Amino acid sequence: MTSNMSRVVIIGAGQAGVSAATFLRSGGFRGQILLFGDEQVLPYQRPPLSKAFLKGEIGLEDLWLKSATFYVEQNIDLRLGIRVEEIDRKKAAIRLANGTWQAYDNLIIATGSRPRALPDVQEEMEGLHQLRSYEDTRRLRKALSPDAHIVLVGGGYIGLEVAASARALGARATVIELEDRLLARVASRPVSNFLEGYHRARGVEIITCASVAALETDGGRLTNVRLADGRRFQCTAAVVAIGGVPNDQLGRMAGLSCDGGILVDHNGRTSDPAIFAIGDVSRRPLPFYGDRVHRLESVGNAVEQARLAVAAILGQERPEDEVHWFWSDQFDVKFKSAGVAFDADRQLLRGSSEGRFSVLHLKDDRLISIETINNAGDFVAGRKLIASRQVIDDTLAADADVPLKSLISLGNDRKLYV
Amino acid sequence: MTTAFQLHVVRRDGTTRETEVENAASLLALLRRVGVDEIVAMCGGNCACATCHVYVEADGPLSEPEVEEREMLETLLHQTPASRLACQLMVDPGITRLKVTVAPEE
């Protein structure tokens, strides 16, 4: 597949697609690279859309994944503002919105995910927002004047990040969460409790165990969010942030195996050997968790899968498995986590819950996940401990005076020395 | 206050380039602007991934790294006393010349 004549087509110019194009060139691929994005602007980073970019601290050009000249210098044929409508596997070609076909030798689907919609709600309503593109953020920013009152439907990372940004801009913010605590599906209770206290202390109103029954309008404009228990929250805008759904339509239409995302193997390869799916759109086995199949929405996962898929396409040595990682910034709190706490049998707290601590999740005496609040050292050491799969001592691991990195035993792998 | 200074960049492939740049919110933003694309900075400048590791020499004092940046730097194999994370470094207005060498990949 490394001949000068071969062509790799990438659908989606987000973090995953751009990373794949980059790794193809850095891996020595000399064939053609076609990178299709459905937005008009240069590929950009999405994480700041709910943080610094929402607050207006940085501009769109600060979000660029690569400079404009990069695509030219690297001979990456970047086609912006183009939707791909269909994959024809027999022809090994994709059909663009303008009806033309592009053949591929290898296809990489990197179409990402989109925000889950609130059920039974009309989508077009003035004052109702979702956050996925820079245009969404620009619209939302206009709605965040100091006299605004914004309701965040969903107490997950995006809801909380937007709440923190809204407070920084002087707006009122109310978070409505279905579960009995924030981040219920994605963080441990100590982390939820800490962040809840932190947000409340900074003026964010938090309502848990609450489901939204209706969005009330006046003249087509959102005025109130009404809960199932009858409570009503007057607002000038609302953001629905209740998770993401994969953009796997192209894969499903083409008959690729899908189940809540396009199913892929350890290299990102789909049920069609010529086609790969990477990033948010894919559902993949996780090697550190007994190959449990999972869909991850994170920058780290997008980059890792891009690297794996490119190595497979180029027939190069498979890169080492990475422990999944994630971060979120809210106010001045820096949250970072590594691994996933699947079937953990116990949880250890390192440090006090006041401003700097870590939560360790163990299974069979091994670290499988770590969440850190303002503790980058524990995050990096924890990630390496998870990768080492070594048995650790509870007492030492829970003692914040013992550096976590000192628990990493000296193996043969030099990377394990921290 | 925006100030211009001389930015001398040694890229990972060894090529060098010197340009006058207007100061920006972070050294990372400056490096992106001048097309230093081998820096992944996958966390988007949030001090979470350490992929924007650079070595920095300046003709004047630079602000000291804060605790998060120090902790990330300490975990790097290629750390030296000149190590900084480009996303965390705001170039002080007094600097007129800054040499930045992109660190090897970890």
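The exercises below, each with a worked solution, deal with contacts, helices and sheets in a predicted model of chains A and B.

Residues are numbered from 1 along each chain as its sequence is written, and chains are lettered from A and ligands numbered from 1 in the order in which they are written. Because the model is predicted, local features need pLDDT of at least 70 and side-chain atom pairs count only at pLDDT 80 or more, while totals for chains, interfaces and linings use all residues.

**Exercise 1. Place B:Ala29 in its surroundings and decide whether it is buried or exposed.**

Step 1. B:Ala29 belongs to helix 1 of chain B, residues 27-33. Helices (H or I, at least four residues) and strands (E, at least two) are DSSP runs, numbered from the N terminus.

Step 2. A residue is buried if 20 or more other C-beta atoms lie within 10 Å of its own, exposed if 12 or fewer, and partly exposed in between, with C-beta atoms placed from the backbone. B:Ala29 counts as buried because it has 22 C-beta neighbours inside 10 Å.

Step 3. Contact requires that the C-beta atoms of two residues, placed from the backbone, lie within 7 Å. Apart from neighbours within four places in sequence, B:Ala29 is in contact with A:Asp62 and B:Ala24.

Step 4. B:Ala86 is 57 residues from B:Ala29 along the chain, and their C-alpha atoms are separated by 8.3 Å.

**Exercise 2. Describe the side of chain B that touches chain A.**

Step 1. The contact involves 16 residues of chain B and 21 residues of chain A.

Step 2. At least two residues of this side of chain B come from each of helix 1 and helix 2 (67-74). Helix 2 of chain B gives the most, with 4 residues.

Step 3. Sorted by class, this side of chain B has 7 nonpolar, 4 polar and 5 charged residues. Here Ala, Val, Leu, Ile, Met, Phe, Trp, Tyr, Cys and Pro count as nonpolar, Asp, Glu, Lys and Arg as charged, and the others, Gly among them, as polar.

**Exercise 3. Find the buried residues of helix 2 of chain B and of helix 3 of chain A, and say what packs against or covers them.**

Step 1. In helix 2 of chain B the buried residues are B:Glu68, B:Glu71 and B:Met72. They lie on the same side of the helix because they cover an arc of only 100° around the axis; the arc is that of the directions from the helix axis to the C-beta atoms.

Step 2. These residues of helix 2 of chain B pack against strand 23 (333-339) and helix 8 (376-388) of chain A, together with strand 4 (83-85) of chain B.

Step 3. In helix 3 of chain A, residues 134-142, the buried residues are A:Tyr134, A:Thr137 and A:Leu140. Their arc, seen down the axis, is within 120°, so they line one face of the helix. Their cover includes strand 9 (128-129) and strand 16 (237-240) of chain A.

**Exercise 4. Characterise the crossing of helix 1 and helix 7 of chain A.**

Step 1. The axes of helix 1 (residues 15-26) and helix 7 (residues 299-314) of chain A come within 8 Å and cross at roughly 35°. Axes are lines fitted to C-alpha atoms, for helices over the stretch in contact, and angles run from 0 to 180 degrees between N-to-C directions.

Step 2. The crossing is right-handed: the near helix is turned clockwise from the far one by less than a right angle.

Step 3. Helix 1 of chain A contributes residues including A:Phe23 and A:Leu24, and helix 7 of chain A residues including A:Val303 and A:Val310. By class, the contact has 10 nonpolar, 3 polar and 1 charged residues.

**Exercise 5. Work out the sheet with the order 4-5-6 in chain A.**

Step 1. This open sheet of 3 strands has antiparallel pairing; two strands pair if DSSP finds at least two bridges between them.

Step 2. Strand 4 (84-88) and strand 6 (101-103) of chain A each have a single partner strand, so one side of each is left without a neighbour in the sheet. The twist averages 25° from one strand to the next.

Step 3. Strand 4 of chain A pairs with strand 5 (residues 93-96) of chain A over 4 bridges. A:Ala93 in strand 5 is the bridge partner of A:Asp88.
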